[in-house]
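User: Please take a close look at a single part of this model. I would like one helix contact followed residue by residue, and then set against the rest of the fold.

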Amino acid sequence: MRQKIIIGNWKMHKTIKEANQFLLDFDDFSKSCKAKGVELGIAPSFLCLESLTRKSRFTLIASQNVNAVDSGAFTGEISIPMLQEIGVKYSLVGHSERRTYYAETSETCNAKNLALFAHNMYPIYCVGETLEQYEKGKSKEVVKEQLVKGLKGVKADDINHLIVAYEPIWSIGTGKNASVEIAEDICHFIRTTIAGLYNETCANKVRIQYGGSVKPENAKAYLSCEDIDGVLVGGASLETVTFKALVNTIL
Ligand code: PGA
């Protein structure tokens, strides 16, 4: 039985002060999620990571990005050892905003995925097609290529700890969430692709999230699907009232 997992992706929102206020408002609630077996996580800005690992009861704290190299002349980058020192165990890899605005490719994501596993950290590997690719019926082709390239060389033992987030780009921040049928179809396809690349056991262990305009009104429908183990939530994770309402739909 895979544990349900809800992660808030704060993107470039919240100062340290604002993040600390959110934690205060959320504290007892995160405790009750833990008690009910729902894994709750936040991916804040780099600056807020330490506060979250020290002060919060969130069971999963993820950075939004990471560099594949341990140290070096890479101005503006953050390395895996830097994250590990403050207790961060997960990182988003290949979020579509990073692919679109910062030229990340499945190859650069692959280097990050491999480096994270080599340091016993875990990627939340984001995949998903553009509107144009969706309209041309290429969603599965695109997602498969992102999986094959992004996971190249990752060992089967590591795949068990992988989280994949399916986020169709046309649904992110647009209010146009993918229908539950589309989301389940692609998440199922991701699982069968992993079974083909590895084996059934790995495929049954990988946790797969849907992301893209998830709100309190639609979260439960996604989380009730067989192959959707969680949701990755942007806008609706920024206010405690909305995020609590969203999580509450499955408690
Ligand atoms: P959204 O963002 O929920 O605001 O659409 C999701 C994401 O980018 O992870």
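**A buried serine and its helix contact**

Analyst: Ser106 is buried, because its relative accessible area is 9%, under the 20% cut-off. The model is a predicted one. Ser106 belongs to helix α5. Neighbours within four places in sequence set aside, Ser106 touches Arg99, Tyr125, Gln146, Lys149 and Gly150.

Gln146, Lys149 and Gly150 lead to the next helix, for they are the α7 side of the contact between α5 and α7. Helix α5 covers residues 106-118, and helix α7 covers residues 139-150. Their axes lie 8 Å apart, and the helices pack at an angle of about 45°. That angle makes α5 oblique to α7. It falls between the limits of 35 degrees for roughly parallel and 65 for roughly perpendicular. The crossing is right-handed.

On the α5 side, the contact is made by Ser106, Glu107, Asn110 and Asn113. What kinds of residue make up this contact of α5 with α7? Five are polar and two are charged. None is nonpolar.

Another contact of Ser106, Tyr125, points to the strands. Strand β5 spans residues 122-127. Strand β5 pairs with β4, residues 90-93, in the parallel sense. Four bridges join the two strands. Within this pair, Tyr90 stands opposite Tyr122 of β5.

Both strands are part of a barrel. Eight strands close it, in the order β1-β2-β3-β4-β5-β6-β7-β8. The pairing is parallel. From one strand to the next, the twist averages 25°.

Elsewhere, a helix lies across two strands. Helix α2, residues 46-55, lies across β2 (39-43) and β3 (60-63). Helix α2 runs at about 165° to β3.

A second serine can be set beside Ser106. Ser171 is found in a loop, between β6 (163-166) and α9 (180-197). Ser171 counts as buried because its relative accessibility is 0%. Its contacts, neighbours within four places in sequence again left aside, are Lys176, Asn177, Ala178, Tyr210, Gly211, Gly212 and Ser213. Ser171 and Ala156 are 15 residues apart in sequence. In space, C-alpha to C-alpha, Ser171 and Ala156 are 31 Å apart.

Back to the starting point. Ser106 is a buried residue of helix α5. Ser106 takes part in the right-handed crossing's contact with α7, and it also touches Tyr125.

Terms used:
Residues numbered from 1 in each chain as written. Predicted model: local features only at pLDDT ≥ 70, side-chain atom pairs only at ≥ 80, totals over all residues. Heavy atoms only, no water. Axes fitted to C-alpha atoms, helices over the stretch in contact; angles between N-to-C directions. Parallel < 35°, antiparallel > 145°, perpendicular 65-115°, else oblique. Left-handed = near helix turned anticlockwise from the far one by under 90°. Contact = heavy atoms within 4.5 Å. Nonpolar A, V, L, I, M, F, W, Y, C, P; charged D, E, K, R; others polar. Buried < 20%, exposed > 50% of the residue type's maximum accessible area, 1.4 Å probe, protein only. Pairing = 2+ DSSP bridges.
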